[in-house]
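Morning, everyone. I have one structure to show, and I will go through some backbone details and then a sheet.

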Amino acid sequence: MDVTQSNPCTGCTIDQDCCTHLSGLRLTQLEFNRCFKQHTDQIVVEREGPLVVVSQQEGATCPNWQNDGCAVYDARPRECTLFPHTLYVQQHRDDSVSVHVHSDTQCPLKAQLRSSQQEAEQLAREFAEEAFGAATPIRVNHETILQLLRRRGRNLVSRVLDVLLK
Ligand code: SF4
Ligand code: SF4
């Protein structure tokens with residue numbers, strides 16, 4: 001099967017950056033087993049609680065990026081399906097979880113490709129329930145401006161610390 005057949009992104013002007021510069025894709029264990037377990041020699045794997053976080057190795061692409069398309073497109077992880085929406089996940093001390101859905105990404109087709117807010121939040125909830133368990137209190141919302149500023153602030157601090165600690 002032609003893996004580009006159902007890919008709407010063949011006109012991407014930033015060279016499919018989301019798949020060719022894979023960085024910090026969050027997965028449930030089931031998604032990892034389904035799409036990435038067979039590629040552990042080609043990726044960097046980290047853990048955030050029950051989430052599996054994968055990034056490509058230097059000079060490589062997502063290992064599922066083959067023949068200019070996603071080889072697991074019909075079974076791809078939810079964060080890939082959601083894109084150009086993406087998720088910011090916070091685990092709180094009381095074991096509850098907040099998932100903020102946002103589209104603060106570089107995707108040039110985001111206005112065209114973005115699913116509705118309601119669909120995105122539904123998929124984000126399914127993701128969180130599979131990852132953390134249906135008994136976990138989970139709040140899903142579209143990111144507010146205040147939450148966006150806080151997230152950017154945390155990311156900046158984290159990047160500065162990475163540089164300082166190298
Ligand atoms: S989702 Fe956006 S960034 Fe990714 S390949 Fe498609 S157009 Fe490009
Ligand atoms: S699994 Fe597929 S859609 Fe997701 S990053 Fe890899 S190539 Fe792209």
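Start with a cut-off: a residue is called exposed if 12 or fewer other C-beta atoms lie within 10 Å of its own, and buried if 20 or more do, with partly exposed in between. Keep in mind that this is a predicted model.

Now the backbone. Most residues other than glycine have a negative phi, and most peptide bonds are trans. Where are the departures in this chain?

Take Asp 95, in the loop between strand 6 and strand 7 (97-102). Its phi is positive, near 75°. Asp 95 has 12 C-beta neighbours inside 10 Å, so it counts as exposed.

Asp 68 also has a positive phi, near 60°. Asp 68 sits in the loop between strand 4 (65-66) and strand 5 (69-70). Because it has 15 C-beta neighbours inside 10 Å, Asp 68 is classed as partly exposed.

Then the peptide bond from Phe 83 to Pro 84: cis or trans? It is cis, with omega near 15°. Pro 84 lies in the loop that runs between helix 3 (78-82) and strand 6 (86-91).

On to the sheet. It is open, with 3 strands in the order 6-7-8 and mixed pairing. Strand 6 and strand 8 (138-142) are the edges, each pairing on one side only. On average, neighbouring strands are turned by 20° against each other, direction ignored.

Strand 7 and strand 8 pair in parallel over 5 bridges, and Val 101 stands opposite His 142 of strand 8. Helix 5, residues 117-132, packs on this sheet and touches strand 6, strand 7 and strand 8. The direction of helix 5 makes about 155° with that of strand 8.

Terms used
Residues are numbered from 1 along each chain as its sequence is written. Chains are lettered from A and ligands numbered from 1 in the order in which they are written. This is a predicted model: local features need pLDDT of at least 70, side-chain atom pairs count only at pLDDT 80 or more; totals for chains, interfaces and linings use all residues. Helices (H or I, at least four residues) and strands (E, at least two) are DSSP runs, numbered from the N terminus. Two strands pair if DSSP finds at least two bridges between them. Axes are lines fitted to C-alpha atoms, for helices over the stretch in contact, and angles run from 0 to 180 degrees between N-to-C directions. Two residues are in contact if their C-beta atoms, placed from the backbone, lie within 7 Å.
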